[in-house]
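Work through the following exercises with the sequence and the coordinates side by side, and try each task before reading its solution.

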Amino acid sequence: MLAEQGAGVVVNARDADAVSEAAQRIPNAVGLAGSPAEPDVADALIDTCVSEFGRIDMLVNCAGTAGLAAESILKVTSAQFRELIDAHLGTVFETCRAAAPLMVAQGGGAIVNTSSFAFLGDYGGTGYPAGKGGVNALTMALAAELREHGVRANVVCPGAKTRLSTGPEYQAHIETLNRRGMLDDTSTQAALDAPPPEYVAPTYAYLASDLAKDVTGQIFIAAGGFVGRFDRPTPAIVAYRDHRDSPPWTVDELHAHICRDSARG
């Protein structure tokens, strides 16, 4: 979709064959294979964009890998966790690190990073939700820091059928979550019959475009015909006393306040 809107595109993935195939199908596109969690690959991606097209106006991070049942805290290894964090958060950090100074120097740009509903932690797991939660926090921090330079940063949590959301292993994982009560029937059906990615693409294209020049630091949802936005978390007061003339809360006092607040909620 970005190419259809006139953008020159640098396509990246770890699979060189997939990169080559995608680059051939997209007008005005070049490909560069490798993991952008590696600093040299991230630098090469941004350098390729500048050398091929003269500048970098948009950075879209849409990378990740499935964790599925193997990343349960009851099973995951330290190596698996680090791999998941690299795939989801490391790729975003490295490409933003490489692109942001160039965007600032040229007076503007748009960063669109990909997260997931999984960052809420509702479906369990470890590296996948932690990585996506990190993407959200990193993007919010980038938006705050780069706003004065005319560089925007936003997040999309997509719902679409991709290689990560098909196949017997994925289906078994979703059905297991449903049986455990971690995914209701409606969400299960939506996960097993996700809409095509073409329904998500317009949200990315909008956030990368000049139409969204005043939109930054936000987390959007795009799934089929549904587009939504997460509210920024704000603290709700559970208990308060002035530390200048009051002692610290006791454990029993905190228990009473938290239980009362939970009952109201």
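The exercises below go from the whole chain to single residues, and the model they use is a predicted one.

**Exercise 1. The chain as a whole**

Task: Describe the chain by its secondary structure, its extent, its buried share and the reach of its contacts.

Solution: Begin with the secondary structure, which comes to eight helices and seven strands. Next take the extent along the principal axes, where the C-alpha atoms fill a box of roughly 65 × 50 × 40 Å. Then turn to burial: the chain has 265 residues, and 37% of them count as buried. Finally, consider the contacts with a separation of 6 or more, of which 64% are between residues 24 or more positions apart.

**Exercise 2. A pair of helices**

Task: Determine how the axes of helix H2 and helix H3 are placed to each other, and which residues make the contact.

Solution: Two packed helices are described by the angle between their axes and by the distance between those axes. For H2, residues 39-53, and H3, residues 78-106, the axes come within 8 Å and cross at roughly 40°, and the crossing is right-handed. On the H2 side the contact is made by Pro39, Ala42, Asp43, Leu45, Ile46 and Val50, while H3 contributes Glu94, Thr95, Arg97, Ala98, Ala99 and Leu102. Sorted by class, the residues of this contact divide into eight nonpolar, one polar and three charged.

**Exercise 3. The second largest pocket**

Task: Find the volume of the second largest pocket, and say which residues and strands line it.

Solution: Rolling a probe the size of a water molecule over the atoms shows where empty space is left. In the second largest pocket this space amounts to about 240 Å³. The lining holds 16 residues, and those nearest the centre of the pocket are Gly109, Ala110, Gly150, Arg152 and Asp210. Strand E4 (109-114) and strand E5 (151-159) each supply at least two residues of the lining. By class, the lining has five nonpolar, five polar and six charged residues.

One lining residue can be followed further. Gly150 sits in the loop between helix H4 (127-146) and E5, and Gly150 counts as partly exposed because its relative accessibility is 39%. Leaving out residues up to four places away in sequence, Gly150 touches Gly107, Gly108 and Gly109. The C-alpha atoms of Gly150 and Gln106 are separated by 9.5 Å, although their positions lie 44 residues apart along the chain as counted by their separation.

**Exercise 4. Buried or exposed?**

Task: Assign Leu177, Asn61 and Pro196 to a burial class, taking under 20% relative accessible area as buried and over 50% as exposed.

Solution: Take Leu177 in helix H5 (residues 168-179) to begin with; its relative accessibility is 3%, so Leu177 counts as buried. Apart from neighbours within four places in sequence, Leu177 is in contact with Tyr123, Met182 and Leu183.

Continue with Asn61, which lies in strand E3 and has a relative accessibility of 6%, so that Asn61 is also buried. Beyond residues up to four places away in sequence, Asn61 touches Thr91, Val92, Thr95, Cys96, Val112, Asn113 and Thr114. Asn61 and Asn154 are 93 residues apart in sequence, yet their C-alpha atoms are 11 Å apart in space.

End with Pro196, in the loop between helix H6 (185-192) and H7. Its relative accessibility is 38%, and therefore Pro196 counts as partly exposed.

**Exercise 5. The cover of helix H7**

Task: List the buried residues of helix H7, and name strands that are included in what covers them.

Solution: In H7, residues 201-208, the buried residues are Thr203, Tyr204, Ala205, Leu207 and Ala208. What covers these residues includes strand E3 (58-61), E4, E5, strand E6 (219-223) and strand E7 (226-230).

**Exercise 6. A backbone angle**

Task: Locate Asn28 in the chain and give its phi.

Solution: Asn28 is found in the loop between helix H1 (16-25) and strand E2 (29-33). The phi of Asn28 is positive, at about 55°, although Asn28 is not a glycine.

Methods
Residues numbered from 1 in each chain as written. Predicted model: local features only at pLDDT ≥ 70, side-chain atom pairs only at ≥ 80, totals over all residues. Heavy atoms only, no water. Helix = DSSP H or I, 4+ residues; strand = E, 2+ residues; numbered from the N terminus. Buried < 20%, exposed > 50% of the residue type's maximum accessible area, 1.4 Å probe, protein only. Contact = heavy atoms within 4.5 Å. Axes fitted to C-alpha atoms, helices over the stretch in contact; angles between N-to-C directions. Left-handed = near helix turned anticlockwise from the far one by under 90°. Nonpolar A, V, L, I, M, F, W, Y, C, P; charged D, E, K, R; others polar. 1 Å grid on protein atoms, 1.4 Å probe; cavity = no way out; pocket = protein on both sides within 12 Å on 5 of 7 lines; lining within 4 Å. Points joined across faces, edges and corners; volume = space filled by probe spheres on them.
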